[in-house]
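Hi,

Here is the structure I promised to pass on to you. Have a look at it first, and my notes follow underneath.

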Amino acid sequence: MGKYEQLLATCRGLEPVPTAVAHPCEATALEGAIDAGQQGLITPILVGPAAKIRDVAARAGIDIAGIEIVDAPHSHAAAAQAVALVRTGKAELLMKGSLHTDELLDAVLAHDSGLRTARRMSHAFIMDVPTYHKVLLITDAAINIAPTLEDKVDICQNAVDLAITLGITKPKVAIVAAVETVTSKMPATLDAAALCKMAQRGQIVGASLEGPLAFDNAISKEAARVKGIDSDVAGDPDILLMPDLESGNMVAKLLTFLAKADGVGLVLGARVPIILTSRADSLETRLASCAVAGLVAQARRASSGKAVK
């Protein structure tokens with residue numbers, strides 16, 4: 001059984017999570033939400049121009065009978081209305097439809113009406129890499145362009161919390177840089193060393209951190225051995241904490257297009273998980289996105305004392 005199939009199997013029997021789908025006005029985006037609903041992963045609430053959504057469904061042969069539609073005149077309004085459904089508690093997940101990611105995040109980040117928390121928001125890819133022995137999280141690859149040390153604390157903790165929700169008892173975090181030695185000429189190595197000390201002092205909890213590590217000795221036990229790195233993390237990380245968005249995005253896309261990996265994208269650190277899908281995503285990837293987000297929502301229900309089936 002593949003890594004994503006195992007993830008979907010974990011979600012079988014869980015209660016579907018009400019999900020506000022912002023502007024699903026393109027066939028692929030609409031089909032992904034409806035398929036996830038049919039699989040029992042979510043209960044989709046479609047937010048956007050009602051007539052256009054129905055027209056897209058009719059043209060693509062997608063059955064939306066019985067699915068709630070909240071009418072909104074355009075994509076900006078759909079994003080704002082979808083966020084409002086989350087704020088009022090009607091939805092527990094937010095899912096990107098066919099609008100631009102920036103439009104959705106603008107509504108999420110609005111000071112008075114958004115979904116901000118004290119934690120900095122970040123993005124994580126949950127990747128199924130055929131050449132790696134387990135699911136691999138890569139962060140941040142989509143939101144924080146040049147994160148500060150303080151930003152990286154939240155980025156790391158967001159990913160650790162997600163990994164724990166996925167069933168990893170004590171996630172191993174490899175803090176990636178160009179080299180594995182600390183040097184003032186490369187600020188990412190200084191951040192890595194500081195993050196490891198911060199974890200020792202309880203400023204990051206629930207994980208084992210190691211860094212700086214170059215990519216080769218982060219991912220390969222043999223490369224780590226050759227360079228004399230004695231670490232439980234090196235060669236066996238659950239999470240790759242990247243130095244900036246450019247490196248994170250490139251690594252994720254290299255794995256996707258050269259190693260044939262599948263990647264589920266999720267925004268963390270807001271009031272609810274935010275599902276980001278691409279038109280190029282496969283059905284399995286879309287379902288896995290909803291499954292991961294649903295697991296996080298279920299964990300939040302449990303921690304808040306709400307009953308979870």
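Helix α6 (residues 149-165) packs against helix α7 (residues 187-200) at an angle of about 55 degrees, and their axes lie 10 Å apart. Axes here are lines fitted to C-alpha atoms, for helices over the stretch in contact, with angles from 0 to 180 degrees between N-to-C directions; helices are DSSP runs of H or I, at least four residues, and strands runs of E, at least two, numbered from the N terminus. The two helices are therefore oblique to each other (not under 35, over 145 or 65 to 115 degrees). In α6, Leu149, Lys152 and Val153 meet Ala188, Asp191, Ala194, Leu195 and Met198 of α7, where contact means heavy atoms within 4.5 Å.

This is a predicted model, in which local features need pLDDT of at least 70 and side-chain atom pairs pLDDT 80 or more, while totals for chains, interfaces and linings use all residues. Residues are numbered from 1 along each chain as its sequence is written, and side-chain values use heavy atoms, without hydrogens and water.

The largest nonpolar core (buried Ala, Val, Leu, Ile, Met, Phe, Trp, Tyr and Cys joined through side-chain atoms within 4.5 Å) has 51 residues. Its largest share, 8 residues, comes from helix α11 (residues 283-303). Leu162 is among the residues with the most contacts inside this core, and its partners include Ile126, Leu268 and Val296.

Finally, Asp262 sits in strand β10 (residues 262-268) and is partly exposed at 27% relative accessibility (buried is under 20%, exposed over 50%, with a 1.4 Å probe and protein chains only).

Best wishes

Note on methods:
Lists of a residue's contacts leave out its neighbours within four places in sequence.
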